[in-house]
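Let's take a walk through this structure together, from an outlying loop to the interior and on to the helix pairs. Please have the sequence and the 3D view ready.

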Amino acid sequence: MSITPLTALPSVRTAPAFRGRIGRDARSGHYAVPGRYRLHLATACPDGLRIAVGHSLLALDGCCPVTFLPAVPDCPDGSHTALRPLYETSAHRYSGPALAPVLSDDWSGRIVSTHSRDILRDLDRHFGDGVTRLYPSGAEAEIEAVERLCAEDVEQAAQRAGREGGDPRALRTLLAALGELEQRLTGVEFLVGGRLTAADVELWVTLVQLDTVHRNHLDASAVHRIADHPVLWACARRLAAHPAFGAHLDLDGIARRHHGRCQGLEAAGAAVQILDWAGHAADASRR
């Protein structure tokens with residue numbers, strides 16, 4: 001098992017501690033067997049929400065069960081007490097935080113991976129039905145480009161723009177990225193290859209975070225400029241009404257998680273909600 005230390009990185013996501021991969025045969029150490037693996041997710045966390053949506057799109061309830069965790073971790077360092085035994089079993093004298101998401105191996109009681117994108121790729125590659133593909137062959141590079149754009153130029157830029165005093169360059173980066181995504185979606189239903197892929201899941205989770213978390217620390221003018229991308233927000237609204245997306249949208253949990261860990265000041269943009277997420281998620285529950 002390869003283990004990397006949880007060090008501070010220039011990212012809004014915590015560095016993964018475990019990077020095991022599911023393989024095609026026993027030599028991998030974690031070969032693909034339906035029912036062997038389990039997910040541990042908190043859907044109030046963007047990584048957990050991304051995996052939960054992908055898991056539902058792939059219809060994996062029967063071969064990879066999910067244990068859902070509380071929205072707000074019960075330890076000050078962001079740990080979930082319920083995950084501590086898995087971490088301590090998986091690494092001798094492990095003293096770091098017991099964070100979600102986790103893909104565990106029910107056969108050994110150990111952690112396979114805490115890296116959200118590796119987890120989703122492995123579930124798609126080894127347990128999907130072959131018809132629904134989140135990472136279709138030939139589209140991987142394009143999907144990864146969207147993932148980087150969302151993570152670096154939207155999510156991280158929004159975080160920098162919302163810090164006390166703001167960062168005009170970060171806001172410009174954020175708006176330019178939204179403009180690029182808006183252009184990519186204009187006239188088409190999905191970002192890559194005319195079909196629903198992990199790129200759309202990434203975009204949707206990013207827009208959820210932008211409207212439910214980051215706008216709380218932006219001024220009203222910035223939020224209005226962010227909202228001025230009608231194609232993007234129409235896509236977010238449409239996907240929120242999809243059962244695989246809207247069913248996992250825990251707005252109360254996202255708010256509680258954010259308030260429990262955020263140290264920034266609330267700004268005027270907090271009052272400018274872009275989408276009625278609750279209403280669109282309710283549409284998903286009626287489908």
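A82 is exposed in this predicted model, with a relative accessible area of 59%. Because the cut-off for calling a residue exposed is over 50%, A82 qualifies with its 59%. You will find A82 in the loop between β2 (66–68) and α2 (84–90). To get a feeling for distances, pick out L239 as well: A82 and L239 are separated by 157 residues in sequence, and their C-alpha atoms lie 31 Å apart in space.

L239 is also a good guide to the interior, as it is one of the residues in contact with W204. Before looking at that tryptophan in detail, it helps to recall a general point: in soluble globular proteins, nonpolar side chains tend to be buried together. Here the largest nonpolar core has 71 residues, and W204 and W233 touch the most other members. Which helix gives the most to this core? Helix α6 (residues 198–212) does, with nine residues.

Now zoom in on W204. Leaving aside neighbours within four places in sequence, W204 is in contact with L49 and V53, with A236, L239 and A240, and with F245, L249 and W277. There is also a second, separate core, made of 13 residues, with F18, L83, L86 and L99 among them.

Next come the helix pairs. Two packed helices are described by the angle between their axes and the distance between the axes. Start with helix α5 (residues 168–185) and helix α7 (residues 220–227), which pack at about 20° with their axes 10 Å apart. The angle makes α5 roughly parallel to α7, since anything under 35 degrees counts as roughly parallel. The crossing of α5 and α7 is right-handed. On the α5 side, the contact is made by L171, L174, L175 and L178, while α7 brings A222, R225 and I226. Sorted by class, the contact of α5 with α7 has six nonpolar residues, one charged residue and no polar ones.

Helix α1 (residues 46–57) and helix α3 (residues 116–127) form another pair, with axes that come within 10 Å and cross at roughly 5°. These two helices, α1 and α3, are therefore roughly parallel to each other. Which residues of α1 meet α3? They are D47, R50, I51, G54 and H55, and their partners in α3 are S116, R117, I119 and L120. The contact of α1 with α3 divides into three nonpolar, three polar and three charged residues.

Finally, let's turn to the backbone. Most residues other than glycine have a negative phi, and most peptide bonds are trans. Where does this model depart from that pattern? A59 has a positive phi, near 55°, although this residue is not a glycine. A59 sits in the loop between α1 and β2 and is exposed, with a relative accessible area of 63%. R93 likewise is not a glycine, and its phi is positive at about 55°. R93 belongs to the loop between α2 and β3, and this arginine is exposed, with a relative accessible area of 74%.

The loop between α2 and β3 (102–105) is also where you will find P101. The peptide bond from A100 to P101 is cis, with omega near 5°.

Definitions and conventions. Residues are numbered from 1 along each chain as its sequence is written. This is a predicted model: local features need pLDDT of at least 70, side-chain atom pairs count only at pLDDT 80 or more; totals for chains, interfaces and linings use all residues. Side-chain values use heavy atoms; hydrogens and water are left out. Axes are lines fitted to C-alpha atoms, for helices over the stretch in contact, and angles run from 0 to 180 degrees between N-to-C directions. Helices (H or I, at least four residues) and strands (E, at least two) are DSSP runs, numbered from the N terminus. Angles under 35 degrees count as roughly parallel, over 145 as roughly antiparallel, 65 to 115 as roughly perpendicular and the rest as oblique. A crossing is left-handed if the near helix is turned anticlockwise from the far one by less than a right angle, and right-handed if clockwise. Contact means heavy atoms within 4.5 Å. Ala, Val, Leu, Ile, Met, Phe, Trp, Tyr, Cys and Pro count as nonpolar, Asp, Glu, Lys and Arg as charged, and the others, Gly among them, as polar. A nonpolar core is a set of buried Ala, Val, Leu, Ile, Met, Phe, Trp, Tyr and Cys residues joined through side-chain atoms within 4.5 Å. Buried means under 20% relative accessible area, exposed over 50%, partly exposed in between (1.4 Å probe, protein chains only).
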